[in-house]
Amino acid sequence: MIIVLFGKPGAGKGTQAPLLAAALGVPTLATGDELRAAIRNDTPLGREAKGYMDRGDLVPDSVILGIIKQALGEPRTAKGVVLDGVVRTVPQADGLANAVKELGKQVDAVLVFDIDDDEIVRRLASRTVCEKCQTPYTGREPGTTCDKCGGKLVRRKDDEPEAIRNRLAVYQKQTAPVLDWYKKQGTKVATIDAVGDVKDVTTRALSALGA
Ligand SMILES: [Zn+2]
């Protein structure tokens, strides 16, 4: 079973990916991890990727896809895999579809972890971090004092409401065409309500998969 995950920033996709994979008894596969492993193991594609990185260039989709395809052909992913952050654009979705087809497999489902934008803004805006020791806090006002070191708590620029709305708009613009593309291919696309207890969200995702 090959599952592709999407989620708005702040919707908890990164938390859900390993929980879902554990429940299904399959590994998660993330582009960054596979890329680092290919470089560490000095595979031909790993060497090619490193060449781009050493020159300060982005590793092209074709090389990334090759590395992912290799991982999808290995015994560790024979039972299935949860792909986290591997597909972000339509060309990447198309490339992945071709790669898995060549392996005699298919993407079985796309899960989208979704939360109302206002809730995400509320959630992320309630995060503060100590400017001295970097301890994160939830539900503490900027300007209050760190329990650990007495430093001042501040809100990250990234977590300011305006910055969050901007990130959400970028996500929407990038992701909507990809989800449409999957629907046109006849792939199951399930939206999971990601509000509430972490365990409940995992349960909802599993039931959407019929697992
Ligand atoms: Zn502190």
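What is the volume of the largest pocket? About 280 Å³, in what is a predicted model. The legends below start with that pocket and then move on to its surroundings.

**View 1. The largest pocket and the residues that line it.** Welcome to the open space of about 280 Å³. Its lining counts 17 residues, and those closest to the centre of the pocket are T31, I64, G85, V86 and Q92. Helices α2, α4 and α5 each contribute at least two residues to the lining, and α4 gives the largest share, with five. If you like to think in terms of chemical character, the lining divides into eight nonpolar residues, six polar ones and three charged ones.

**View 2. D84 and its contacts.** This close-up turns to an acidic residue of strand β3, D84. With a relative accessible area of 17%, D84 is buried, because the cut-off for that label is under 20%. Leaving aside residues up to four places away in sequence, D84 touches K13, G14, A17, L29, A30 and T31. You have already met T31 in View 1, as one of the residues closest to the centre of the largest pocket.

**View 3. The largest nonpolar core.** Nonpolar side chains tend to be buried together in soluble globular proteins. Here the largest such core holds 30 residues, and V4, F6, L83, V87, L96 and Y182 touch the most other members. Several elements supply at least two residues each: strands β1 (2–7), β3 (81–84) and β4 (107–114), along with helices α2 (31–40), α3 (44–54), α4 (61–72), α5 (90–102) and α7 (161–184). Helix α4 provides the largest share of this core, six residues. Another core, of 26 residues, lies apart from it and includes L5, A17, I115 and L168.

**View 4. Y182 and its neighbours.** Let us zoom in on one of the core residues that touch the most other members, Y182. Its relative accessible area is 2%, so Y182 is buried. Not counting residues up to four places away in sequence, Y182 touches V4, F6, V87, A93, L96, V107, V110, T187 and V189.

**View 5. The aromatic pair of W181 and Y182.** How many aromatic pairs does a search of the whole structure find? The search finds one. Its partners, W181 and Y182, are arranged edge-to-face, with 5.1 Å from centre to centre and 80° between the planes. W181 counts as buried because its relative accessibility is 14%, and Y182 is buried at 2%.

Key:
Residues numbered from 1 in each chain as written. Predicted model: local features only at pLDDT ≥ 70, side-chain atom pairs only at ≥ 80, totals over all residues. Heavy atoms only, no water. Core = buried A, V, L, I, M, F, W, Y, C linked by side-chain atoms within 4.5 Å. Buried < 20%, exposed > 50% of the residue type's maximum accessible area, 1.4 Å probe, protein only. Helix = DSSP H or I, 4+ residues; strand = E, 2+ residues; numbered from the N terminus. Contact = heavy atoms within 4.5 Å. 1 Å grid on protein atoms, 1.4 Å probe; cavity = no way out; pocket = protein on both sides within 12 Å on 5 of 7 lines; lining within 4 Å. Points joined across faces, edges and corners; volume = space filled by probe spheres on them. Nonpolar A, V, L, I, M, F, W, Y, C, P; charged D, E, K, R; others polar. Phe/Tyr/Trp six-rings, centres within 6.5 Å; stacked < 30°, edge-to-face > 60°.
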